[in-house]
Amino acid sequence: NAASYVMMSNIDQYSSINENNKSLSASNQLAKNLNQKQLMYLQLGEKILQKAFDEKKMEFNGEYLLLLNIFEERNRFDDALKLIEEFDEAKHQSKLGIIDLKINKKLFYLKQLKRWQELLQLAESYIRVENNSNLDNWLIYTDYFDAFIGLLEEKKLNNEHVDSILNDCLIRETLKFISELKQRADEEALKSNKVQAPYLAQIELYNRLNKLFWANKVELQTCKTALVEDLKKSLDDYLNRFSSKPGVYNEIIYFKEIIINLDLTDYLLSTLKKLHDSNWPFKDIKSIYTCLAYWQMHRFLGKQTGLNQSQLNELAVQLEQMYAEGLKFGKDLLPTSFQYVDDFMIMAAHLRYEIYRKFTHSSSKDLLQIIFNLKQALVHSPSSYQFKLLLLNLYSQVGAYDSLHGMYTSMEIKNIQNYSIANFLIIHNIRLGSYTTSASTYSTMDSFFTSNLFDMVNFLVNCYKYGTFLKAIEISAFINAIKQ
């Protein structure tokens, strides 16, 4: 019953989305009535669950999560915090199957309540636990830095000079804490367990301080003088240790704002270039990732935007050579795996497309060259959706309908892809004059959503049956979205 009340509050919320044609006063009245109905349903659900909890008749399962959800919906984070304190992980963790539920909820509630000191202490105590997974849990670090910045902002930075801020005891303690974590990470590295988070945390500390100075209009030049050398050292530490790991590019671009604000783009690229040159020609898989990180960052930081046709072509050839050189390291991979060097070919394809778009737009020769290269790459990575999506786009541009439809059919489109990729195909099929196939594809796409509505109702029934009430709310919201 309580779950039904919570779901009804959500259903009413979605049912009001299409009331756009009402007058402003009518819309305001509708919103007021809606809030009252939502509150009523939530209060009814809370009353049922709170009574069961107080009488110790509630199990720590979906009902418990539902009561937490009601408190969150009503912004009653003090009550939610008291409730989560009752959760005994040793006894009840297996019933819910949610890892670190208690710590994550406590951190969330403390953040909403802006109890920064408690949030900082809780996050720090969690990271300090002698546990490798805790040390590398980046989500906890973000909560730690939210608390750190919250405490600093309470010091009314507008009235303080930047030097006094940088000498603040909180910053000194934070630097000491991160330094200790880095020492632990080095100890883990000796056991062949490479932990990245402490090194990223040091960069994130300077990143947060930089944003804080900007927000409070602190003199940037002073900020540069105070931070830039330490930041360079932190970037060096991180890149020298982890540039050979996949995904390092995605982690570094998170800090693009401070890298650009403090004019560190050339420094970053020069550091990566040294690592690139020491790993080319490729010696192993790690050297592939190191070289890849340099070229990805080179493109991301805009170093390829001003190149002329000859320079773009030369760079594309170089990346294609690196792709060919690295294929030998993936010769034993399964057909469902991707080659370690696939991203080199993707970057080369984008460069050749830029040549076509900027310099040789009237000729399809360059497009055919890209198609040939991608088809060859697809032989080595037959499951690569990136190659297939690029080919779909290129086939549509050159009007190769048979190849376009054949590629789409081979992709075994499933689930939400029926909406995204099928729409792409339909648009280009119509442009190419293939109305029958467009109608057939649209029918397949439409039937996927409408025929599965019955299955989703069964999912709702199962959510009630097995006590996963919050999932029922998600499914209900999804059904409403489909209907609209």
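This dialogue walks through two helices and a pocket in a predicted model.

Colleague: What should I know about the model before I begin?

Modeller: This is a predicted model, in which local features need pLDDT of at least 70 and side-chain atom pairs count only at pLDDT 80 or more, while totals for chains, interfaces and linings use all residues. Residues are numbered from 1 along each chain as its sequence is written, and side-chain values use heavy atoms, with hydrogens and water left out.

Colleague: What span should the 17 residues of α19 have?

Modeller: A helix here is a DSSP run of H or I with at least four residues, numbered from the N terminus, and its expected span is 1.5 Å times one less than its number of residues. For α19 that gives 24 Å, and the end C-alpha atoms are 25 Å apart, which agrees.

Colleague: How many of the residues of α19 are buried?

Modeller: Buried means under 20% relative accessible area, with a 1.4 Å probe and protein chains only. Twelve of the 17 residues of α19 are buried, among them F344, M345 and Y356, and these buried residues pack against α17, α18, α20 and α21, where contact means heavy atoms within 4.5 Å.

Colleague: Which residues are buried in α7?

Modeller: In α7, which covers residues 116–128, the buried residues are W116, L119, L120, L122, A123, E124, Y126 and I127.

Colleague: Which element gives the most to the lining of the second largest pocket?

Modeller: A pocket is an open set of points on a 1 Å grid over the protein atoms alone, where a 1.4 Å probe fits, with protein on both sides within 12 Å along at least five of seven lines, and lining residues have an atom within 4 Å of a point. Here α17 gives the most, with four residues.

Notes:
Helix = DSSP H or I, 4+ residues; strand = E, 2+ residues; numbered from the N terminus. Buried < 20%, exposed > 50% of the residue type's maximum accessible area, 1.4 Å probe, protein only.
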